[in-house]
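The exercises below ask you to read a chain from its overall composition down to single residues. Work through each task with the sequence and the structure open, and then compare your reasoning with the solution.

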Amino acid sequence: MPRRVAGGAGTVGRMWPRIGGLRTLALGTPGELRARLNTLVLAGVKTATAGLTTEYAEEGEELEHVGERLAFVDDEDALVGVVEVTGVEVVRFADVPWDFARSEGEGDRSIEEWRSGHAAYWARVGTPVTDDSEVVCIRFRLVSGGDGGIATGDLGT
């Protein structure tokens, strides 16, 4: 599922939290979904995530860039690990490639299943998408993380 929920009214212009100077990566929505996605990242199964350009605009954030490190967090914005961005591409929702969708590691069996699941997710969080919606496809690699997260002193490793 997507990288960050826009949060609805009251979040326009609010920047994403930082930990040790790194932007945070809060996957999906709090609760079971975020816990499952974080587990997939820690296991090396999930190496990509998707967001909407409208989320970045609403929250006053720039797109990630290759080489940027992100602190991925749990429901309380506590550090779980650090990932490094290895690729960023903006594409139409209808043009998200299967290779990218498969890299999200969420068990989709086809690009149609990925599109259906992501469209339903974004509709649930109040950001319905069309074929022309711009999706930010982010690829990353796990730099550090694991049991109980990591200490903030390890952010640069």
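**Exercise 1. Decide whether Glu 61 is buried or exposed, and find the partner of its side chain.**

Solution. Glu 61 has a relative accessible area of 9% and is therefore buried, where buried means under 20% relative accessible area, exposed over 50%, and partly exposed in between (1.4 Å probe, protein chains only). Next, place the residue: Glu 61 sits in the loop that connects H2 with E4, helices (H or I, at least four residues) and strands (E, at least two) being DSSP runs numbered from the N terminus. The side chain of Glu 61 makes a polar contact with that of Arg 18, at 2.7 Å; such a contact is a pair of N or O atoms within 3.5 Å, and within protein one must be able to donate a hydrogen and the other to accept it, while residues adjacent in sequence count only if both atoms are side-chain atoms. Finally, the C-alpha atoms of Glu 61 and Arg 23 are separated by 9.7 Å, although these residues are 38 residues apart along the chain.

Before going on, note that this is a predicted model, in which local features need pLDDT of at least 70 and side-chain atom pairs count only at pLDDT 80 or more, whereas totals for chains, interfaces and linings use all residues. Residues are numbered from 1 along each chain as its sequence is written, and side-chain values use heavy atoms, with hydrogens and water left out.

**Exercise 2. Describe the order of the elements and how much of the chain is buried.**

Solution. Begin with the count, which comes to 4 helices and 6 strands. Read from the N terminus, they follow the order β-β-α-β-α-β-β-α-α-β. Of the 157 residues in the chain, 47% are buried. Turning to contacts (heavy atoms within 4.5 Å), 72% of those with a separation of 6 or more join residues 24 or more positions apart.

**Exercise 3. Work out which side of H4 is buried and what covers it.**

Solution. First establish the extent of the helix: H4 covers residues 111-124, has 14 residues and reaches 20 Å from its first C-alpha to its last, close to the 20 Å expected at 1.5 Å a residue, where the expected span is 1.5 Å times one less than the number of residues. The buried residues of H4 are Ile 111, Trp 114, His 118, Tyr 121 and Trp 122. Seen down the axis of H4, these fall within an arc of 95°, so they line one face of the helix; the arc is that of the directions from the helix axis to the C-beta atoms. An α-helix has 3.6 residues a turn, so residues three or four places apart point the same way. On the face turned away from the buried side, H4 carries the exposed residues Glu 112 and Arg 124. The cover over the buried residues includes helix H1 (32-42), strand E3 (48-52), helix H2 (53-58), helix H3 (98-103) and strand E6 (134-145). After the helix comes Gly 126, with a positive phi near 90°.

**Exercise 4. Repeat the analysis for H1.**

Solution. In H1 the buried residues are Leu 33, Arg 34, Leu 37, Asn 38, Leu 40 and Val 41. They cover an arc of only 155° around the axis, which puts them on the same side of H1. E4, E5, H4 and E6 are among the elements that cover them. Just after H1, Gly 44 has a positive phi of about 80°. Further along, in the loop between H1 and E3, lies Lys 46, which counts as buried at 1% relative accessibility; its side chain makes a polar contact with the side chain of Glu 106 (2.7 Å).

**Exercise 5. Identify the residues with the most contacts inside the largest nonpolar core.**

Solution. A nonpolar core is a set of buried Ala, Val, Leu, Ile, Met, Phe, Trp, Tyr and Cys residues joined through side-chain atoms within 4.5 Å. The largest has 30 residues, and those with the most contacts inside it are Val 83, Val 96, Phe 100, Trp 114, Trp 122 and Val 135. Two or more residues each come from H1, E3, E4, E5, H3, H4 and E6, and E6 gives the largest share, 5 residues. Apart from this core lies another, of 7 residues, among them Ile 19, Leu 22, Ala 71 and Val 73.
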